[in-house]
Amino acid sequence: DINQEVYNFLATAGAKYGVGFWKPGSGIIHQIILENYAYPGVMLIGTDSHTPNGGGLGGICIGVGGADAVDVMAGIPWELKCPKVIGVKLTGKLSGWSSPKDVILKVAGILTVKGGTGAIIEYHGPGVDSISCTGMATICNMGAEIGATTSIFPYNARMKKYLGKTGRADIAALADEFQQHLVPDSGCQYDQVIEINLSELKPHINGPFTPDLAHPVSDIGAVAEKEGWPVDIRVGLIGSCTNSSYEDMGRSAAVAKQALAHGLKCKSKFTITPGSEQIRATIERDGYAQILRDVGGLVLANACGPCIGQWDRKDIKKGEKNTIVTSYNRNFTGRNDANPETHAFVTSPEIVTALSIAGSLKFNPETDYLTGADGKKFKLEAPDADELPKLEFDPGQDTYQYPPKDGSGQHVDVSPTSQRLQLLEPFDKWDGKDLEDMLILIKVKGKCTTDHISAAGPWLKFRGHLDNISNNLLIGAINIENGKANSVRNALTQEFGPVPDTARYYKKMGVKWAVIGDENYGEGSSREHAALEPRHLGGRVIITKSFARIHETNLKKQGLLPLTFADPADYNKIHPVDKLSIVGLADFAPGKPLKCIIKHPNGSQETIMLNHTFNESQIEWFQAGSALNRMKELQQKSS
């Protein structure tokens with residue numbers, strides 16, 4: 001098994017340090033959390049941006065970087081600037097083709113990918129009770145796509161029903177007892193209120209290339225033709241941590257069953273990704289999986305799969321313009337298949353299924369007809385399915401490894417010659433001097449997500465080996481100098497080359513470098529490597545118009561300086577050929593801007609001011625070289 005050494009590392013490390021291990025095949029951790037760990041009122045952090053999935057069970061579940069989780073496991077308090085609260089009032093009732101996914105697709109269209117930054121989204125109102133518990137989880141899960149700190153629903157009977165079905169009736173009884181603390185306070189005031197009438201909400205589909213470009217399904221065909229997006233759908237993909245519940249699979253199967261009754265199969269390729277072993281086993285037992293296979297679907301492993309680029313796609317060549325529709329949460333350029341010309345759209349599983357049967361974005365299942373094998377026209381009826389199985393869930397295979405009572409004798413083996421695993425070495429401490437004459441590795445144009453900074457897909461096999469995975473640093477970012485990805489000027493040789501190679505050259509020559517970014521830099525996955533890699537390859541400063549929350553913290557944790565333009569227009573003053581100096585670091589203090597001197601090739605200089613959000617403890621991280629370095633210093637002092 002090509003992954004065995006990685007699995008062995010996780011299993012032995014978990015055993016040594018008292019951490020449970022969900023083995024390969026268990027499923028996606030967010031689904032496992034909902035099924036086993038989340039409960040009303042819990043406060044939970046997880047090292048993935050979609051941790052807020054647990055808000056579907058009334059928990060405050062927040063995505064963080066890995067270094068934040070290390071702090072918590074080491075007994076250090078986790079801190080967060082107090083977020084605002086955006087209230088989303090739901091009225092009416094979901095019906096027909098409209099689904100919980102359409103709620104968050106609509107909200108994303110309203111708030112955009114950064115509209116929820118620094119805020120918790122609290123759903124409330126009479127419409128809440130028309131949404132299943134797993135439907136609420138879908139909505140909270142995709143709150144990450146609007147930058148929200150987390151999202152949450154009030155405890156209600158739908159959550160109680162789910163807790164009972166997943167073997168936690170005792171927790172439901174406790175939640176009933178303390179329900180007044182698990183719902184919005186009477187008369188509470190929100191920083192912003194959005195109101196959505198579920199009875200009027202139409203099915204939505206968002207994309208391409210960004211999850212906040214919202215369209216009603218009824219309009220997408222015409223919009224695609226106008227914009228020149230391919231209307232023929234090459235692949236439909238359902239599942240992921242966002243939409244792989246029993247209800248999701250049931251509604252998709254209900255659509256597929258109608259097509260089969262008329263002798264039809266999917267015109268597009270069609271894949272199904274169960275979110276957990278429990279879901280896989282239960283939909284196999286209850287016949288949903290076979291129906292989805294019969295309509296032309298391929299059931300994939302219980303894993304993230306194509307949602308994070310783990311997809312050995314063969315039906316197109318890289319660079320070929322095409323359209324896919326998914327029930328996933330993200331659709332950034334190249335995310336699913338590493339092809340920048342794949343136009344990915346996100347929608348509900350049942351809409352994905354209907355569109356895959358029709359094979360075209362121009363099909364509207366609410367109004368349009370299909371032609372059966374007998375030549376007769378028919379219209380798909382809106383799907384209906386049970387939110388939970390009538391029988392108990394089938395747990396499937398037992399894939400959980402409990403930690404031993406005493407793991408002190410456990411050996412964690414990492415081969416020094418491994419290409420998959422590499423022990424981390426401490427980053428260098430700050431030398432007490434200003435950062436003078438830094439080169440600019442790249443000035444990024446437009447959207448730069450963590451997928452642009454540290455691509456997923458085939459690169460994920462190196463996530464345990466920092467030096468190897470650093471070969472994907474910023475290969476997806478667009479260089480403003482030439483409009484190309486993975487092509488930057490080496491300021492020392494004047495030759496253009498790949499971004500990682502150029503960074504390695506600067507590091508070899510002992511030259512510090514900076515990155516210049518645009519708005520909401522680092523949105524998307526909470527990918528720790530997007531902060532580890534620039535630090536490993538000699539980066540010191542990331543200057544942007546604004547940051548996504550998790551990425552900004554991750555950069556701080558690794559001893560980098562994430563800074564923002566005091567005047568966003570100053571982004572235009574910096575050119576890729578300039579040198580930058582950050583001065584005044586001896587007086588680095590919370591709330592005090594830093595001065596940046598821009599040195600142009602013609603000898604002229606400009607001075608701009610840069611803001612930061614460092615507090616005193618975080619400044620100590622920078623000075624120590626990283627948060628881990630600082631933790632070690634404190635341990636040595638106390639011992």
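A salt bridge here is a side-chain nitrogen of Lys or Arg within 4 Å of a carboxyl oxygen of Asp or Glu. By that rule, this predicted model comes to 33 salt bridges. Let's visit a few, then move on to a pocket.

**Stop 1: Glu-350 and Arg-251.** Select these two and show their side chains. They form a salt bridge, and the closest N and O atoms sit 2.5 Å apart. Now colour helix H12 (residues 349–358), home of Glu-350, and helix H9 (residues 246–261), home of Arg-251: the partners are 99 residues apart in sequence, so the pair ties together separate stretches of the chain. Switch on a surface if you like. Buried or exposed, what is Glu-350? Buried, because its relative accessibility is 1% and the cut-off is under 20%. Arg-251 is buried as well, at 12%.

**Stop 2: Asp-451 and Arg-527.** Next, pick this pair, whose closest N and O atoms are 3.0 Å apart in another salt bridge. Here too distant parts of the chain are linked: Asp-451 belongs to helix H13 (residues 450–453), while Arg-527 is in the loop between strand E23 (513–516) and helix H16 (529–536), 76 residues away. Both ends are out of the open: Asp-451 is buried with a relative accessible area of 8%, and Arg-527 counts as buried at 11%.

**Stop 3: a network.** Select Arg-234, Arg-313, Asp-315, Glu-320 and Asp-337 together; salt bridges with shared partners join them into one network. Zoom in on one of its links, Asp-315 to Arg-313, with closest N and O atoms 2.7 Å apart. Arg-313 is buried, with 12% relative accessible area.

**Stop 4: the second largest pocket.** To find this pocket, centre the view on Leu-80, Lys-81, Thr-553, Lys-556 and Thr-613, which lie nearest its centre among the 42 lining residues. The space inside is about 1100 Å³. Now colour by domain: domain 1 (28–197) and domain 3 (435–638) each give at least three residues to the lining.

Which elements should you highlight for at least two lining residues each? Try helix H3 (66–73), strand E4 (84–91), helix H17 (549–557), helix H18 (616–624) and helix H19 (627–638). Of the contributors, H17 gives the most, with five residues.

Finally, colour the lining by residue class. You'll get an even split: 14 nonpolar, 14 polar and 14 charged residues.

Technical notes
Residues are numbered from 1 along each chain as its sequence is written. This is a predicted model: local features need pLDDT of at least 70, side-chain atom pairs count only at pLDDT 80 or more; totals for chains, interfaces and linings use all residues. Side-chain values use heavy atoms; hydrogens and water are left out. On a 1 Å grid over the protein atoms alone, a cavity is a set of points where a 1.4 Å probe fits but cannot get out, and a pocket is an open set with protein on both sides within 12 Å along at least five of seven lines; lining residues have an atom within 4 Å of a point. Grid points are joined across faces, edges and corners, and a volume is the space filled by probe spheres set on the points. Helices (H or I, at least four residues) and strands (E, at least two) are DSSP runs, numbered from the N terminus. Ala, Val, Leu, Ile, Met, Phe, Trp, Tyr, Cys and Pro count as nonpolar, Asp, Glu, Lys and Arg as charged, and the others, Gly among them, as polar. Domain bounds come from an automatic or database domain assignment. Buried means under 20% relative accessible area, exposed over 50%, partly exposed in between (1.4 Å probe, protein chains only).
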